[in-house]
Amino acid sequence: MSDSYRPDSLPPMTGASARRASRNPRRRNNLNGPVVTVRPATTHLPTTTEAQRLRRRAANQLAAGLTGAARTGRPGLFPVLVLTAPIDENPQAATIIGEAVQLVAAPPPAAVVVGRNLRGDPVAVVLHSDRWSLVIETHPAAARQPAVSYAFIDGSAGQVLALCFDDQCGALGVAWTDMTHHVLAMTT
């Protein structure tokens with residue numbers, strides 16, 4: 001047994017936990033077995049700007065709404081206004097395609113979030129970059145119905161632009177669909 005699991009290697013109890021243990025004989029003696037020491041996380045989240053926090057919050061709210069709707073079996077109310085647009089009209093679409101594949105291959109802390117239903121199946125995958133966020137809504141019958149994707153882009157004056165791409169024709173549309181399939185395969 002390593003030293004980190006031995007009761008005598010734990011720091012002495014102080015404050016309220018020591019008072020509770022001194023009053024309760026069962027708590028005083030329960031350190032005879034193996035003890036797992038929990039240490040604080042050493043990973044620090046990257047600092048974000050106010051615009052990035054707003055964009056990430058909007059994407060996370062949409063993903064939480066999709067996940068909640070899948071868990072309850074009822075349609076959800078989503079606090080995010082999403083515009084439907086052809087993918088060719090978004091100048092950042094090509095950038096998102098390239099960066100999403102790289103981001104999912106080696107995600108930094110808090111960059112990838114997966115919402116799951118009660119059976120553990122993925123419902124929504126969220127990717128956060130420095131300049132965009134992406135929510136991919138999965139469907140149980142992916143072969144019959146493709147995944148729906150929502151791109152969140154920092155707008156002007158602190159606004160967040162949320163786009164759902166309906167035009168999947170053309171080279172950019174095919175590359176977008178391939179990217180969403182790759183992201184889903186790597187995260188689910």
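Okay, Glu 50: in this predicted model, it comes out partly exposed, because its relative accessibility is 44%. Its partner is Arg 53, and the two side chains meet in a salt bridge, 3.0 Å from N to O. Arg 53 is partly exposed as well, since its relative accessibility is 36%. Why do these two sit about one helical turn apart? Because they are 3 residues apart in helix H3, which covers residues 50–72.

So how many salt bridges does the count come to? By the rule used here, 3. As background, side chains of opposite charge can pair when their charged atoms come close.

Next on the list is Glu 99 with Arg 131, where the closest N and O atoms are 2.0 Å apart. Glu 99 belongs to helix H4, residues 93–105, while Arg 131 is in the loop between strand E3 (122–128) and strand E4 (132–137), so this pair ties together parts that are 32 residues apart in sequence. Buried or exposed, or in between, for Glu 99? Partly exposed, because its relative accessible area is 21% and the cut-off for buried is under 20%. Arg 131 also counts as partly exposed, at 46%.

Then there's Asp 121 and Arg 119, whose side chains form a salt bridge at 3.2 Å, N to O. Asp 121 is partly exposed, with 32% relative accessibility. Arg 119 has a relative accessible area of 67%, and exposed means over 50%, so Arg 119 gets the exposed label.

Let's move on to the strands. E2 (112–116) and E3 pair in the antiparallel sense over 5 bridges. If you want a position to click on, Val 113 stands opposite Val 126 in E3. The two strands make a hairpin with 5 residues between them, and Gly 120 in that turn has a positive phi of about 90°.

On to E3 and E4: they pair in the antiparallel sense too, over 5 bridges. Here Leu 127 stands opposite Leu 134 in E4. This hairpin has 3 residues between its strands. And how much of E3 is covered? Mostly: 6 of its 7 residues are buried.

While we're on backbone angles, have a look at Ala 110. Its phi is near 65°, a positive value in a residue other than glycine. Ala 110 lies in the loop between H4 and strand E2, and it is partly exposed, with a relative accessible area of 41%.

Now Thr 187, in helix H5, which covers residues 170–187. Buried or exposed? Buried, because its relative accessibility is 14%. What does Thr 187 touch, leaving out residues up to four places away in sequence? Val 104, Val 112, Val 114, Arg 116 and Val 125. There's a polar atom on the Thr 187 side chain too, and the backbone oxygen of Val 183 lies 2.8 Å from it.

Last stop, the surface. Leu 81, Leu 83 and Leu 161 form a nonpolar patch there, with about 300 Å² of accessible area together. Of these, Leu 161 is found in strand E6, residues 160–167. Leu 161 counts as partly exposed because its relative accessibility is 36%, and that clears the cut-off of over 30% that patch residues need.

Terms used:
Residues numbered from 1 in each chain as written. Predicted model: local features only at pLDDT ≥ 70, side-chain atom pairs only at ≥ 80, totals over all residues. Heavy atoms only, no water. Patch = residues over 30% accessible without salt bridge, like charges linked within 9 Å, V, L, I, M, F, W, Y side chains within 5 Å. Areas by Shrake-Rupley, 256 points an atom, 1.4 Å probe, with all protein chains shown as cover. Salt bridge = Lys/Arg side-chain N within 4 Å of Asp/Glu carboxyl O. Helix = DSSP H or I, 4+ residues; strand = E, 2+ residues; numbered from the N terminus. Buried < 20%, exposed > 50% of the residue type's maximum accessible area, 1.4 Å probe, protein only. Polar contact = N/O pair within 3.5 Å; in protein donor to acceptor, adjacent residues only side chain to side chain. Contact = heavy atoms within 4.5 Å. Pairing = 2+ DSSP bridges.
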